[in-house]
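Q: I'm new to this one and would like to learn how to read it. Can we go through it together?

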Amino acid sequence: MKFSEMKYERPDLELLKKKMTDQTERLKTASSYEEAKAVFLESEEMSKHLETDANLVYIRHSIDTRDKFYDGEQNFWNAALPELQEYEEAWTKALLASKFRPDFEKEYGNLMFLNAEIALKAFSPEIIPELQQENELTVRYAKLIASAQVPFEGETYTLSQLSPFKNDPDDARRLAAWKAEGNWFKEKQAELDEIYDKLVKLRDKMGKKLGYDGFTQLGYYRMGRNCYTKDDVEKFRAAVRKYLVPVADSIYREQAKRLGKEYPMSFADNVLAFRSGNPKPQGTPDDILMAGKKFYEALSPETSEFFDRMLNDELMDVLSTEGKEGGGYCTSLPDYEAPFIFANFNGTMGDVAVVTHEAGHAFAYYVNRNRIPSQYVQPGMEACEVHSMSMEFMAWPWTEEFFGDDARKYRYSHLADALKFIPYGTMVDHFQHIVYEKPEMTPQERHAVWKKLCAEYMPWAKMDGDIPFYSEGEAWQRQSHIYEVPFYYIDYCLAQTVSLEFWKMIQEDPKAAWERYMAYTRQGGSHVFTELLENAGLESPFDESCLRGVCEKAKKWLENYDLTGIE
C-alpha cells in the first residue's frame, strides 16, 4: 500500500486502556502456556497497531508542521503515550511475574525480559505529568527550529535550505551564510535557553522521583542500555581523545594547507574540504534516488526488493519544503511491514547519505519485519546505527553513480568526515553528562562548558572567530538530540567505530564484508549490542584495540590517497 493511502483514525483512549487491562488480567490468570502465549500475541498485534497510528501522525506532522489536523493529533499522542505507559507497565510486571516465563524464554529468549526489567526502572505513574510536559517542550523546540526563516542574499531560507550556502567554496559567501544562521539562533537564544533549562530541571526531577541521584541513570534506562554502563562510555571517550582526536587534527591541518588558511580555522572554513568545493551529488533528487536503485539492485537480491518497495509505495519523503521539520530519520509502520524515510535534500553530499544511511536503517527493519516479539525487529540505538553508517561505506563502489567527477573527492571526504565526526559526537555525550550532573547550572555556564569541551575534542575549531553563536559556545543548541533524546548521541560514535571496521574489510574483500554485514543485520534485535558484534565476528568499540586499529588503517589510507588534480 502507498503511504498516501494509509488511513489514520484516532484511537479511543479509554477503550485502549480497558483492552490493555483485560490483556494483563488474562495473562495473570492463564492456565496454560498456550493460553498465555495467545494473549501475548494479541498484545503484540495491538502494540503494532498503536505504533503505526502514532508514527503516521509523527511522519505527517514532520512533513508539514503547519498542518492543523496533524498538529492536533500530535498533541493528542504527546499526552496519550505517557498515560498508556502506566498500562504497559502493568503488562510488563505481569509478564515478568508469569509462571510461564520459562516457556516464554525457551521460545523467545531472555532478552525481552531483560529489556522489560530495564523499562520498569524508567517509569512510574507518578512521573506522567512530567513526561507530558517533556513532550510539550520537545515539540516546542522542534517547531521553533522548523519555523526558521533566515534572511540571506535577499531571499529567505529554512535552516536546511541554507546548508548549501554554508558549504559554498566562495569564502565570503560561506562565512556570510554561517553568520546568517548564527544570527537567527542568537535571536532565538532566550527561548532556546528557556526550553532546555526547563527540560534539564524536569528530567532531574523525574530521576529523583524514581529514586536516582538525578537524571543520568534514568537516561541510560530510557535508552535501554542493557550491556554497557557509564564507565564503559567514559573509557570509550578516553580512547577517542587518545587515538581519534590526533587523527582528526592531522586531517584538519592538511585541509588548512589545501585551503591556504591559518590553523586553527573558523567553523565556516572547517566545513570546506577542498578549495574547489565539497563533493556534490550529480543530478536531481530523482537522479539520486535512481542511482540508489542501481546500487541496491547490484548489491544483493534482498536490497533490490527492498528499495523497489520504498520507491513504489511512497515510503520516502526527501524534498526540503516550507513548514517541514529539519533533519532526517527512519521510522516504521508495523501494520504495513514498512519502514519510512524522512529527509531534507539540499544539494549536498548529505542527500546521498539519505539513500545510504537512512536506507540502511530501513533495510535492517525490512529484513527483520516479521520477528516476534516485535521488539526483536530492531536492536538498541547504537546497534541500529551500525546498519546505516556501514551501508554508507558499502556504497563506495557505486560512488561514481552518485557523484560523477566528484567521486574521488567524496571517498576522501566521507572517510575523513567519519573520523572527524566521532570527537564531536563524543563531546555531545560528554556535555550532557556534565549538564545532568549539575542541573542547577545557568544557561551561560552551560555555554561555557561547551566552549571548554570544544578545546579538548575539537582543537581545530577557532573559538574567537566572528561567527556569532558558534564561536561563543552555543552551537550545541542546534543539535536536536540534546533537547529531544538525551544520551542518544554516543550511539552514533560507537556505531561509527564499528562502521570503520566494515570499511577496513571492504578495502580487503567487499564480498566478505557484505556477508559479515548480513550476519550482523539478520540478527535484528535478538541479542544485546555486544553479542550482535561478537556473533558477526566484529570487535567491540569498548575495546581500546578497536579504535586504535581503525585509526591506524584510516590514517595511512588518507595519507596515501591520490588527490592529484584536485584543488
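Q: Happy to start with contacts. What share of the contacts with a separation of 6 or more comes from residues 24 or more positions apart?
A: The idea is to ask how far along the chain the two partners sit. In this predicted model, residues 24 or more positions apart make up 75% of the contacts with a separation of 6 or more.

Q: How many helices and strands should I look for in the chain?
A: Count the runs of each kind: you'll find 24 helices and five strands. The chain has a radius of gyration of 24 Å, close to the 24 Å from the globule rule for 567 residues, so it is as compact as a globular protein of that length. Along the principal axes, its C-alpha atoms fill a box of roughly 75 × 50 × 45 Å.

Q: And what percentage of the residues is buried?
A: Of the 567 residues in the chain, 59% are buried.

Q: Now a pair of helices. At what angle do α3 and α6 pack?
A: Look at the directions of the two axes. Helix α3 (residues 68-97) and helix α6 (residues 128-146) pack at about 150°, and their axes are 9 Å apart. Angles over 145 degrees count as roughly antiparallel, and α3 and α6 are therefore roughly antiparallel to each other. Their crossing is right-handed.

Q: Which residues meet there?
A: From α3 come Asp71, Asn78, Ala79, Pro82, Glu83, Gln85 and Glu86, and they meet Ile128, Leu131, Gln132, Asn135, Val139 and Lys143 of α6. By kind, the residues of this contact split into five nonpolar, four polar and four charged.

Key. Residues numbered from 1 in each chain as written. Predicted model: local features only at pLDDT ≥ 70, side-chain atom pairs only at ≥ 80, totals over all residues. Heavy atoms only, no water. Axes fitted to C-alpha atoms, helices over the stretch in contact; angles between N-to-C directions. Helix = DSSP H or I, 4+ residues; strand = E, 2+ residues; numbered from the N terminus. Parallel < 35°, antiparallel > 145°, perpendicular 65-115°, else oblique. Left-handed = near helix turned anticlockwise from the far one by under 90°. Contact = heavy atoms within 4.5 Å. Nonpolar A, V, L, I, M, F, W, Y, C, P; charged D, E, K, R; others polar. Rg over C-alpha atoms; globule rule 2.2 N^0.38 Å. Buried < 20%, exposed > 50% of the residue type's maximum accessible area, 1.4 Å probe, protein only.
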